[in-house]
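Biologist: Could you walk me through this structure slowly, please, as I am still new to reading such things?

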Amino acid sequence: MCPQCGRAVETVKLRCMSCGTELPERALLCPQCGRPVEAADVVRQQAASRQLTKKFYELPGMKACRNNIKSCAVILYVCAAITILAALFWDEIPLLSVVDGVSLLLLGLLLQLGKSRVAAILITVYGGYNMFVSSLSTGTLRGWWIPLAGVWAITYTFKFYKLWNKYRKSGALPRDAISE
């Protein structure tokens, strides 16, 4: 079924990029010439037949998006862990800090697993607010990692969706998504 219109879609058989032999489903090697079936070849053929979905994110040109979104999420996980540990051992109001840490953890998960632009924006706003409030109360700049990670996440989630939407509209893989 087509995710956009709901019509039945005929599955296109994959072919060996070397000899053109039709490949069995999930083949690792071509039965005719023995050439390994590379993930990039499968993705290109699926793109040509407009059957590419989640594998778009695995294209070589999307490596920067993958790595940067994951890095932003890792920063949030570390900040969440520090916040929760600090709340449990040193904070006077531990419940509020634990909620803060859990919020960062959930936003990080939404960012990493969902590539969510909304999560990236929320991270930036939430982190900016927390940075502003803590800077006012302490007189020093604190918590700047979170809004920085949010801006970074916004950059790469929007780049990812820009390329994805370009692919969905044209049916052709954007050059930026293919090449590193």
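Modeller: We can go from the overall fold to the core, the pocket and a few single residues, and please keep in mind throughout that this is a predicted model.

Biologist: Good to know, so how many helices and how many strands are there in the chain?

Modeller: The chain has six helices and zero strands, and reading from the N terminus its elements run α-α-α-α-α-α.

Biologist: And what share of the residues counts as buried?

Modeller: Out of the 180 residues of the chain, 33% count as buried. As for how the chain meets itself, if we take contacts between residues at least 6 apart in sequence, 55% of them join residues at least 24 apart.

Biologist: Which residues have the most contacts inside the largest nonpolar core?

Modeller: They are Phe-56, Met-62, Leu-111 and Phe-160, in a core that has 28 residues. The elements giving two or more residues to this core are H2, H3, H4 and H5, and H5 gives the most, with nine residues. As general background, nonpolar side chains in soluble globular proteins tend to be buried together.

Biologist: Let me stay with one of those; what does Phe-160 touch?

Modeller: If we leave out residues up to four places away in sequence, Phe-160 touches Phe-56, Tyr-57, Met-62, Cys-65 and Lys-115.

Biologist: A lysine in that list makes me curious, so where is Lys-115 found?

Modeller: Lys-115 sits in the loop between H3 and H4, and it has a positive phi of about 50 degrees although it is not a glycine.

Biologist: Is Lys-115 buried or exposed?

Modeller: Lys-115 counts as buried, because its relative accessibility is 15% and the cut-off for buried is under 20%.

Biologist: Changing topic, how many aromatic pairs does the structure hold?

Modeller: The structure holds two aromatic pairs. In one of them, Trp-144 and Trp-145 are stacked, with 4.9 Å centre to centre and 20 degrees between the planes. Phe-160 and Tyr-161 form an edge-to-face pair, with 4.9 Å centre to centre and 80 degrees between the planes.

Biologist: Which of these aromatic residues are buried, and which are partly exposed?

Modeller: Phe-160 and Tyr-161 are both buried. Trp-144 is partly exposed, at a relative accessible area of 39%, and Trp-145 is also partly exposed, at 45%.

Biologist: Now the empty space, please; what is the volume of the largest pocket?

Modeller: The volume of the largest pocket is about 920 Å³. Among the 25 residues that line this pocket, the closest to its centre are Thr-83, Ser-97, Asp-100, Asn-130 and Ser-134. In general, such space is found by rolling a probe the size of a water molecule over the atoms, which shows where empty space is left.

Biologist: Which helix gives the most to that lining?

Modeller: H4 gives the most, with eight residues, while H2 (63-89), H3 (94-114), H4 (117-138) and H5 (145-170) each supply at least two residues of the lining.

Biologist: How many of the lining residues are nonpolar, polar and charged?

Modeller: The lining of the largest pocket divides into 15 nonpolar, seven polar and three charged residues.

Biologist: Let me jump to the other end of the numbering; where is the place of Ala-177, and what is it in contact with?

Modeller: Ala-177 belongs to helix H6, residues 175-178, and at 0% relative accessibility it counts as buried. Apart from its neighbours within four places in sequence, Ala-177 is in contact with Phe-56, Leu-59, Pro-60, Gly-61, Met-62 and Leu-163. Ala-177 and Ala-64 are 113 residues apart in sequence, yet 9.9 Å apart in space, C-alpha to C-alpha.

Biologist: One last residue: does Val-125 count as buried or exposed?

Modeller: Val-125, which lies in helix H4, counts as exposed, because its relative accessibility is 56% and the cut-off for exposed is over 50%. The C-alpha atoms of Val-125 and Ile-146 are separated by 9.4 Å, and these two residues are 21 residues apart along the chain.

Methods: Residues are numbered from 1 along each chain as its sequence is written. This is a predicted model: local features need pLDDT of at least 70, side-chain atom pairs count only at pLDDT 80 or more; totals for chains, interfaces and linings use all residues. Side-chain values use heavy atoms; hydrogens and water are left out. On a 1 Å grid over the protein atoms alone, a cavity is a set of points where a 1.4 Å probe fits but cannot get out, and a pocket is an open set with protein on both sides within 12 Å along at least five of seven lines; lining residues have an atom within 4 Å of a point. Grid points are joined across faces, edges and corners, and a volume is the space filled by probe spheres set on the points. Helices (H or I, at least four residues) and strands (E, at least two) are DSSP runs, numbered from the N terminus. Ala, Val, Leu, Ile, Met, Phe, Trp, Tyr, Cys and Pro count as nonpolar, Asp, Glu, Lys and Arg as charged, and the others, Gly among them, as polar. A nonpolar core is a set of buried Ala, Val, Leu, Ile, Met, Phe, Trp, Tyr and Cys residues joined through side-chain atoms within 4.5 Å. Buried means under 20% relative accessible area, exposed over 50%, partly exposed in between (1.4 Å probe, protein chains only). Contact means heavy atoms within 4.5 Å. Rings of Phe, Tyr and Trp (its six-membered ring) pair if their centres lie within 6.5 Å; planes under 30 degrees apart count as stacked, over 60 as edge-to-face and the rest as tilted.
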